[in-house]
Amino acid sequence: MPDIEYILGHMNYWLFTVLMMTGLYIVVAKGNLIKKIVGLNLFQTAVFMFYISLGKVTGGTAPIFPVDMEIDPSVAYSNPLPHVLILTAIVVGIATTSLGLALIVRIREEYETIEEDEILKIETDLVHVENKILGEAMGGRA
Amino acid sequence: MLETFINLGLFVMLVATAVAITRMRRLFGVTMMASVFSLLSAMLFVTLDAVDVAFTEAAVGAGISTVLMLSTLTLTSRIEKPTTRSPLVPLVVTAITGAAIIYGTLDMPNFGDAHSPAQVGVAARYMAESPTDIDIPNVVTVVLASYRGFDTMGETAVVFTAGAGVLMLISGLRRRRRKGDDKKEETS
C-alpha cells in the first residue's frame, strides 16, 4: 500500500495524464478538423505542464535573481532548463498550429467541408468514378 | 499545503474546460474554451514558478492562437456536424495509452524533489555560474539567449518556415475564389 506522500508526490503527473488523454480523445474521436487541432493543443499544453512540474523545487521560487545580483545562498530556485525548453516549444507549437489551420482552409476550399467523414466519402466516390472509367477503357471487364 | 490545494483547484477547472471542449459542437465556443484553457494553464505555470512560460502561454496560447482560430472559423464553418462513429474505440485507445503513461510515472521522483535527476545535471551549473558569466538576473533569459542561443536561432528558422508555408498555402485565396464564381456564372 503506497503511503500518502507518494500519492501526493505523483498525483500531479496523473492529473496531467488525464488532461493529455482528453486531448488525445478529441483528436481520435472527433471528425471536425478544427476541433482536432484544438485537441492537439490540449495535448501539447498538458505535456508542457508535465515538463514544468519536473523543474519545480518545493519551497523554491522563480529562477530570477535580485536586481543588484546579491544572491542569498539560502534561497532555493526552481530549475530554469525546463522553462527554456517549453518557451521554445510554445512558439514552435503556435507555428505548427497556424500551418495546420492554413491546411484546413485549403481543404475547405477544395472539398467544401471540414468534416473528416465527408472528405473520406468524396475521396471514395472519386476513386469509384476513376475505376469505372478505367474499366470501360479496358473493355468493360474490370 | 496551500499550494497543493491551489494546484488541485486549477486542475479541476482545467479538466472541466477540456470536457466542455469535447462536448461542445459550436466551434466559436470551442475556440473561447481553448482560450480559457490557455489562461488557466498560465495560472498553473505561475504556481509552478515558471513565470516566463506563463507570460508566453498567456500571450501566445490565449492571444495569437485564438485570433488564428477565429480567422479560420470565418473562412470555414462554425458548427461541428455530429459524427456517426462510435466513441468506443477512441475510449479504449485513450484508456490504454493513459494507463501506459501512468505506469511510466510510477518510478519517477516525487513532485518538488530537490534531488531528482532533473535538478542535479547542468542546471546547477547554470544557476551557479550565470551571475559571474553573464550578469543578467533572469536565468531563463540567460539560458535562452546566451548559453543556448543556437537553439533559439533554430526556433526562429522553424517559425520562418511555418510562416512561409502558411503564406504559400493561402496566398491567392481571393483570386481563386473569384475565378470559381466566374465559372459558376458561366455555367448557370
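**Close-up views of a predicted two-chain model**

**View 1. Helix H2 of chain B and the residue that follows.** Helix H2 of chain B covers residues 27-47, 21 residues in total. At 1.5 Å a residue, H2(B) should span 30 Å, and its end C-alpha atoms are 30 Å apart, so the expected and modelled spans agree. The model is predicted, and local features are described only where pLDDT is at least 70. Asp49(B) follows H2(B). The phi of Asp49(B) is positive, near 70°.

**View 2. The domains of chain B.** The assignment splits chain B into two parts. Domain 1 takes residues 1-80 and domain 2 takes residues 149-188. Between the C-alpha centres of these two domains of chain B the distance is 27 Å.

**View 3. The contact between chain A and chain B.** Chain A brings 83 residues to the contact, and chain B brings 87. Together the chains bury about 7,800 Å². Carbon and sulfur atoms account for 74% of that area. Polar contacts also cross between the chains: 22 residue pairs, with both residues at pLDDT 80 or more. Four helices of chain A each supply at least two residues of the side that touches chain B: H1 (4-29), H2 (33-55), H3 (80-111) and H4 (116-137). H3(A) gives the most, with 23 residues. By class, this side of chain A has 52 nonpolar, 20 polar and eleven charged residues.

**View 4. Salt bridges between the chains.** Over all chains, the structure holds nine salt bridges. Four salt bridges link chain A and chain B. One of them joins Lys35(A) to Glu80(B), with the closest N and O atoms 3.0 Å apart. Lys35(A) sits in helix H2 of chain A. Its partner, Glu80(B), lies in the loop between helix H3 (51-75) and helix H4 (88-105) of chain B. Another salt bridge pairs Glu3(B) with Lys56(A). Here the closest N and O atoms are 3.2 Å apart.

**View 5. The domains of chain A.** Domain 1 of chain A is assigned two segments, 1-59 and 77-111. Domain 2 of chain A is assigned residues 115-142. The C-alpha centres of the two domains are 39 Å apart. Six residues of domain 1 touch five residues of domain 2. The domains of chain A bury about 530 Å² between them. Of this area, 57% is on carbon and sulfur atoms.

**View 6. Polar and charged links between the domains of chain A.** One salt bridge is counted between domain 1 and domain 2 of chain A. Glu116(A) and Lys36(A) meet through their side chains in a salt bridge, at 3.5 Å from N to O. Four residue pairs are in polar contact across the interface of the two domains, both residues of each pair being at pLDDT 80 or more. H2 and H3 of chain A each supply at least two residues of the domain 1 side that touches domain 2. That side of domain 1 divides into three nonpolar, two polar and one charged residues.

**View 7. Helix H4 of chain A and the residue just after.** H4(A) has 22 residues. At 1.5 Å a residue, H4(A) should span 32 Å; its end C-alpha atoms lie 32 Å apart, so expectation and model agree. Just after H4(A) comes Gly139(A). Gly139(A) takes a positive phi of about 100°.

Technical notes
Residues numbered from 1 in each chain as written. Chains lettered and ligands numbered in written order. Heavy atoms only, no water. Domains from an automatic or database assignment. Contact = heavy atoms within 4.5 Å. Buried area = accessible area lost by both parts, 1.4 Å probe. Polar contact = N/O pair within 3.5 Å; in protein donor to acceptor, adjacent residues only side chain to side chain. Nonpolar A, V, L, I, M, F, W, Y, C, P; charged D, E, K, R; others polar. Expected span 1.5 Å × (residues − 1).
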